[in-house]
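Q: I have a protein model open in front of me and I would like to learn how to read it. Could you walk me through its features?

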Amino acid sequence: MNTNNFQYQWALETTTIYGMTPEEKAKRYYHNLEIDTLENKHLLVVGYGKGIELPLLKNEGAIITAIDCNKRDIEGIDTLQFDVIQFKPEQQFDYVYAYGVLHHTPDPKAYFMHLADLVKPGGKIFVWMYNRQRNTFLRKFNIFNWKPKNIMWVAKIQAVVTWPFHFIAHLLFNNKKRNLPSLVLRYYDSLCCENQYVYPASFIKKWFEQREMECKIDGEGYLGTKP
Ligand SMILES: C[S@@+](CC[C@H](N)C(=O)[O-])C[C@H]1O[C@@H](n2cnc3c(N)ncnc32)[C@H](O)[C@@H]1O
């Protein structure tokens, strides 16, 4: 599994990640999981990356277990280094949250099934995956095998070249406004990992059905509640 390159990217933005502040990122958990409170809820954050939002979630009462195959220490948070399919805890979790992770694993369906088994009855799982192939042309050169700093250069050049188009799309079509560092991160993301799987929603729905969960889809991803 080639996922080591991810750890290189977190130094790029200091106070935000993908252009989001910790507060904005934390809010997504409430939005995506459709919940009112995290108070005393066991939350498993899979592939937490930079994890800038986790201290805020902890302050709101969540009991957090954060896993990444590239561990990064975050003060006050239980962080574990695992390829998540190897993570076999005794307990189950109220919420399992995997944002932008499954498409980078070697077998997204098997990883999803594993995560679904870690949800308590009545608990919820939220996953977001790429909905289209990204950077297909450059990926032909197996850039993920390059040194991370060189992959980063490619991402930086892409970001500088394409930023004006993003800006125009923001003005004309109200597309999300992107700053340069967050664009670099996105390009880096799509280049740095060997795996980049994309499945249609109908396919992913079936994964949920196999775990007897109804799957709710919105632009942000897939949400299931365990019976
Ligand atoms: C694109 S980043 C997403 C980070 C974070 N979820 C966010 O939204 O900011 C993907 C993260 O998943 C981690 N990851 C990839 N495959 C993994 C695996 N098999 N087990 C655990 N973590 C994994 C990577 O190390 C990386 O930190």
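A: We will go from the overall fold to single residues. Keep in mind that this is a predicted model.

Q: How many helices and strands are in the chain, and in what pattern do they follow along the sequence?

A: A good start is to list the elements. The chain holds 7 helices and 7 strands. Walking along the sequence, you meet them as α-β-α-β-β-β-α-β-α-α-α-α-β-β.

Q: What does the radius of gyration say about the chain?

A: Here we compare a value with a rule for globules. The chain has a radius of gyration of 17 Å, close to the 17 Å that the globule rule gives for 227 residues, so the chain is as compact as a globular protein of that length. Along the principal axes, the C-alpha atoms fill a box of roughly 50 × 35 × 35 Å.

Q: What share of the residues is buried, and what share of the contacts links residues 24 or more positions apart?

A: Of the 227 residues, 37% count as buried. As for contacts with a separation of 6 or more, 63% of them come from residues 24 or more positions apart.

Q: Which domains does the assignment give, and how many residues of each are in contact?

A: Look at the residue ranges first. Domain 1 is made of 3-131 + 196-225, and domain 2 covers 136-191. Their centres, taken over C-alpha atoms, are 23 Å apart. Between them, 8 residues of domain 1 are in contact with 14 residues of domain 2. On the side of domain 1 that touches domain 2, the classes are 3 nonpolar, 4 polar and 1 charged.

Q: Which residues of helix 3 are buried, and where do they fall when seen down the axis?

A: The general idea first: an α-helix has 3.6 residues a turn, so residues three or four places apart point the same way. In helix 3 (residues 108-117), the buried residues are Pro108, Tyr111, Phe112, Leu115 and Ala116. Seen down the axis, these residues fall within an arc of 135°, so they line one face of helix 3. Their packing partners are strand 1 (42-46), strand 4 (93-99), strand 5 (119-128) and helix 7.

Q: How many residues surround the ligand, and which classes do they belong to?

A: To read a ligand site, count the shell and then sort it by class. The shell has 19 residues, and the closest are Phe6, Gly47, Gly49, Val84 and Gly100. By class, the shell contains 8 nonpolar, 7 polar and 4 charged residues.

Q: Which loop holds asparagine 174, and what is its phi?

A: Phi is a backbone angle, and its sign is worth a look. Asparagine 174 has a positive phi of about 60°, although it is not a glycine. You will find asparagine 174 in the loop between helix 5 (148-173) and helix 6 (180-191). Glutamate 212, also not a glycine, has a positive phi near 55°. Glutamate 212 sits in the loop between helix 7 (201-210) and strand 6 (214-218).

Q: Are asparagine 174 and glutamate 212 buried or exposed?

A: Count the C-beta neighbours inside 10 Å; 12 or fewer means exposed. Asparagine 174 counts as exposed because it has 8, and glutamate 212 counts as exposed because it has 10.

Q: Where is isoleucine 35 placed, and how many C-beta neighbours does it have inside 10 Å?

A: Isoleucine 35 lies in the loop between helix 1 (22-33) and strand 1. Isoleucine 35 has 14 such neighbours, so it counts as partly exposed.

Conventions
Residues are numbered from 1 along each chain as its sequence is written. This is a predicted model: local features need pLDDT of at least 70, side-chain atom pairs count only at pLDDT 80 or more; totals for chains, interfaces and linings use all residues. A residue is near a molecule or strand if its C-beta atom, placed from the backbone, lies within 6 Å of it. Ala, Val, Leu, Ile, Met, Phe, Trp, Tyr, Cys and Pro count as nonpolar, Asp, Glu, Lys and Arg as charged, and the others, Gly among them, as polar. Helices (H or I, at least four residues) and strands (E, at least two) are DSSP runs, numbered from the N terminus. The radius of gyration is taken over C-alpha atoms; the globule rule is 2.2 Å times the number of residues to the power 0.38. A residue is buried if 20 or more other C-beta atoms lie within 10 Å of its own, exposed if 12 or fewer, and partly exposed in between; C-beta atoms are placed from the backbone. Two residues are in contact if their C-beta atoms, placed from the backbone, lie within 7 Å. Domain bounds come from an automatic or database domain assignment. The arc is that of the directions from the helix axis to the C-beta atoms.
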